[in-house]
Amino acid sequence: TLIELLVVIAIIGILSAVVLASLNTARAKGSNAAVKSNLQGIRSQAEIIYDNTQDYTGICADQNIINAIDAAILAGSDTGATVATRCNASATEWAVNVKLKVQDSGNDWWCTDQTGIAKGEPAELGGATTCS
């Protein structure tokens, strides 16, 4: 029955390896959800700024928006990014994008803008003020 015990231990080892692999995937998807949530929160703050000034140019300097973008950058895999490289604004438009932790439906970036769009993007915005 020593052989039976070794078989049981081997089966437990295989099952635990499968479970641990699943947990890593779930953790990465959770990080993606944190990026999306932080960028979603930016939209309402930007509209508050627009209602007060009739202009979007100041949203990238607003501390609440900076905090949300920084949190999204930390949650994703956007190493070396700053608010200045992820937030673009003009008088009538704004857009923010951050790199996701893992690819989501073939997209590496998450983008949100003033039109209400929040979607995955294959590449970063560059200087654009709307999601493509």
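**Helix 1, its covering elements and the core**

The buried residues of helix 1 are Ala28, Ser31, Asn32, Val35, Leu39, Ile42, Arg43, Gln45, Ala46 and Ile49. The model described here is a predicted one. An α-helix has 3.6 residues a turn, so residues three or four places apart point the same way. The list of buried positions in helix 1, with members including Val35, Leu39, Ile42, Ala46 and Ile49, may be read with that general rule in mind. The cover over these buried residues includes helix 2, strand 2 (94–104), strand 3 (107–113) and strand 4 (118–121).

Helix 1 itself contains 52 residues, and the distance from its first C-alpha to its last is 77 Å, close to the 76 Å expected at 1.5 Å a residue. Isoleucine 3 belongs to this helix. With a relative accessibility of 66%, isoleucine 3 counts as exposed. From isoleucine 3 to threonine 25 there are 22 residues in sequence and 34 Å in space, C-alpha to C-alpha. A further feature of the helix is found just after it, where glutamine 54 adopts a positive phi of about 60 degrees.

The nonpolar interior comes next. In soluble globular proteins, nonpolar side chains tend to be buried together. The largest nonpolar core here has 22 residues, of which Val35, Leu39, Ile42, Ile59 and Ile69 touch the most other members. Helix 1, helix 2 and strand 2 are the elements that give two or more residues to this core. Helix 2 gives the most, with 7 residues. Val35, Leu39 and Ile42 also appear among the buried residues of helix 1. Beyond its neighbours within four places in sequence, isoleucine 59 is in contact with Ala46, Ile49, Ile65, Cys87, Ala89 and Trp94.

The loop between helix 1 (2–53) and helix 2 (63–75) holds tyrosine 56. Tyrosine 56 is buried because its relative accessible area is 6%, which falls under the 20% limit. Residues up to four places away in sequence aside, tyrosine 56 touches Ala46, Glu47, Tyr50, Ala89, Ser90, Ala91, Thr92, Glu93, Trp94 and Gln114. One of these, glutamate 47, is joined to tyrosine 56 by a side-chain polar contact of 2.8 Å. Another, glutamate 93, is 37 residues from tyrosine 56 in sequence, yet their C-alpha atoms are 6.4 Å apart.

Alanine 61 is also found in the loop between helix 1 and helix 2. Alanine 61 counts as exposed because its relative accessibility is 60%, over the 50% limit. The C-alpha atoms of alanine 61 and valine 83 are separated by 8.8 Å, with the two positions 22 residues apart along the chain. Isoleucine 3 and threonine 25 are likewise 22 residues apart in sequence, but within helix 1 their C-alpha separation is 34 Å.

Asparagine 88 lies in strand 1 (residues 87–89). At 12% relative accessibility, asparagine 88 counts as buried. A polar atom of its side chain lies 2.8 Å from the backbone oxygen of alanine 128. Leaving out residues up to four places away in sequence, asparagine 88 touches Cys60, Glu93, Trp94, Ala95, Leu125, Gly126, Gly127, Ala128 and Thr129. Glu93 and Trp94 are thus named both here and among the residues touched by tyrosine 56.

Finally, lysine 36 lies over the face of tryptophan 110, at 4.6 Å from the ring centre.

Definitions and conventions:
Residues are numbered from 1 along each chain as its sequence is written. This is a predicted model: local features need pLDDT of at least 70, side-chain atom pairs count only at pLDDT 80 or more; totals for chains, interfaces and linings use all residues. Side-chain values use heavy atoms; hydrogens and water are left out. A charge sits over a ring if NZ of Lys or CZ of Arg is within 6 Å of the ring centre and within 35 degrees of the ring normal. Helices (H or I, at least four residues) and strands (E, at least two) are DSSP runs, numbered from the N terminus. Buried means under 20% relative accessible area, exposed over 50%, partly exposed in between (1.4 Å probe, protein chains only). Contact means heavy atoms within 4.5 Å. A polar contact is a pair of N or O atoms within 3.5 Å; within protein, one must be able to donate a hydrogen and the other to accept it, and residues adjacent in sequence count only if both atoms are side-chain atoms. The expected span of a helix is 1.5 Å times one less than its number of residues. A nonpolar core is a set of buried Ala, Val, Leu, Ile, Met, Phe, Trp, Tyr and Cys residues joined through side-chain atoms within 4.5 Å.
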